[in-house]
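Here is a short briefing on one protein model. Please look over the sequence and the structure before reading on.

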Amino acid sequence: MDRTGCAIVGGGPAGMMLGLLLARAGVEVTVLEKHGDFLRDFRGDTVHAATIRLIDELGLGDSFRQLPQSRLNNVAIPIPGAGLVTFGDFASLKPPYNYIAMMPQWDFLNFLATEAAREPTFTLLMKHEATSLMFDGGRVAGVRYRTHDGREGALHADLVVATDGRHSVLRRAAGLKPTNYPVPFDTWWFRLPRHASEKGAVAGIVPAFRDREAMIALFRDDYYQMGYLAPKGADARIRAEGVERFRERVSGLRPDLADRVDSIRSLEDLHWLDVRLDRLPRWYVDGLLCIGDAAHAMSPVGGVGINLAIQDAVAAATRLAPALLRRQVGVKDLAAVERRRRMPTVVVQTVQRILHRVVFVPLFAGRTPGPPPALLFVLRHAPVVRRLMPRLVAFGPLPEHAPGFARR
């Protein structure tokens, strides 16, 4: 194959959802994924209510619910002397979309890939790494790629969509430069064993806070995926202190898990995430559109990045499928996608930036051991906020619905 209607670079949630939707419209679509599978640790595990509703609209709800998963019903903050303060009670939302599904992202991506493969116009090329863009008279006309065995090739396309993440190769090749916003922390991901007696449904996520550090746990079948948060730029110090000191930090934050910190054999078991928050001033050039993290890298605060990326994909498919079928995708079409998705992106990133300033900056500066009292007072005593927060996390602003051509 050397030509397709739409070339999607990156087999993450946005890329796979966009591929499925466009294929259901009858568009010739090819997804290029540089890895050989989706089995990569330390990716987001949340499937939000807006995405679950979308899956139902696509006629895939029964199959989706058969996948191994647990339900997240709330997010709470432990406060010394006051117990848990819940700031996201999803049970307050209207059933059946009153929870967030927790499942390994590789299961979710395999699910989307399987369903997309049923469409005759869908192609998934694994172990194909996009290396550069091709141009024709100033317009993007396709991508060049390299396979795992070193073979190089070119794929011409009526439209290229970059869903290749916050370090997007295509974004850089197109000369698109994001505006960066300050982030006060980085995250170190690692595993801890999960005993058989601890398995079962997930009631909620409870972050742990201490002076200048925090931690969160996500649930897998037989282990916890742990995220340790510390001030940005602390990676060299953490590694210089050694594995025993890191085990002590984990035990201090989560004494209930201290009996298994020896499973952290060395600091090689830590996966450092350089947390970024940025946004492209413009998401497109003629022939190329960026969505998801390629257009707007999100902070992990709220865990909403995956949902926002999938909503981008739905908006893009809805607008672009008719133009792709006509093989007449213009700059106006790409601008329309950006206009629709810019407001939700700005709203979510603004909320994240506020939380960075009022929660994490004081925490990592040593001025407070947890969220500020004023914020906790609002969360506990402002009914409007208590109703708004679960919906903002579960659905986001301007949630999208499946286009008619994709429904079964």
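The notes below cover backbone geometry, salt bridges, sheet pairing and a long-range contact.

This is a predicted model, where local features need pLDDT of at least 70, side-chain atom pairs count only at pLDDT 80 or more, and totals for chains, interfaces and linings use all residues. Residues are numbered from 1 along each chain as its sequence is written, and side-chain values use heavy atoms, with hydrogens and water left out. Helices (H or I, at least four residues) and strands (E, at least two) are DSSP runs, numbered from the N terminus.

**Backbone geometry**

- P95 and P96 are joined by a cis peptide bond, with omega at about 0°.
- P96 sits in the loop between strand 6 (83-89) and strand 7 (100-102).
- R212 is not a glycine, yet its phi is positive, at about 65°.
- The loop between strand 15 (208-210) and strand 16 (213-219) holds R212.
- R212 is partly exposed, at 41% relative accessibility. The classes are buried (under 20% relative accessible area), exposed (over 50%) and partly exposed (in between), with a 1.4 Å probe and protein chains only.
- R327 is another non-glycine residue with a positive phi, here about 60°.
- R327 belongs to the loop between helix 8 (305-326) and helix 9 (331-364).
- With a relative accessible area of 52%, R327 is exposed.

**Salt bridges**

- Side chains of opposite charge can pair when their charged atoms come close.
- The whole structure contains 29 salt bridges. The criterion is a side-chain nitrogen of Lys or Arg within 4 Å of a carboxyl oxygen of Asp or Glu.
- R210 and E213 form one such bridge, with their closest N and O atoms 2.6 Å apart.
- E213 is buried, at 2% relative accessibility, whereas R210 is partly exposed, at 30%.
- R254 is bridged to D256, and the closest N and O atoms are 2.8 Å apart.
- R254 is buried, with a relative accessible area of 19%. Its partner D256 is partly exposed, at 46%.
- R276 and D274 meet in a salt bridge at 3.7 Å, N to O.
- R276 is partly exposed, at 30% relative accessibility. D274 is also partly exposed, at 26%.
- Shared partners link R210, E213, R237, E241 and R249 into one salt-bridge network.

**Sheet pairing**

- One open sheet has 3 strands in the order 3-7-4, with antiparallel pairing. Two strands pair if DSSP finds at least two bridges between them.
- Strand 3 (46-47) and strand 4 (70-72) are at the edges. Each has a single partner strand, so one side of each lacks a neighbour in the sheet.
- Strand 4 and strand 7 are joined by 3 bridges in the antiparallel sense.
- R71 has A101, in strand 7, as its bridge partner.

**A long-range contact**

- Which loop holds G165? G165 is in the loop between strand 11 (152-162) and helix 5 (169-173).
- G165 counts as buried, at 19% relative accessibility.
- G165 and D293 are 128 residues apart in sequence, but their C-alpha atoms are 4.6 Å apart in space.
- Neighbours within four places in sequence aside, G165 is in contact with D293 and A294. Contact here means heavy atoms within 4.5 Å.
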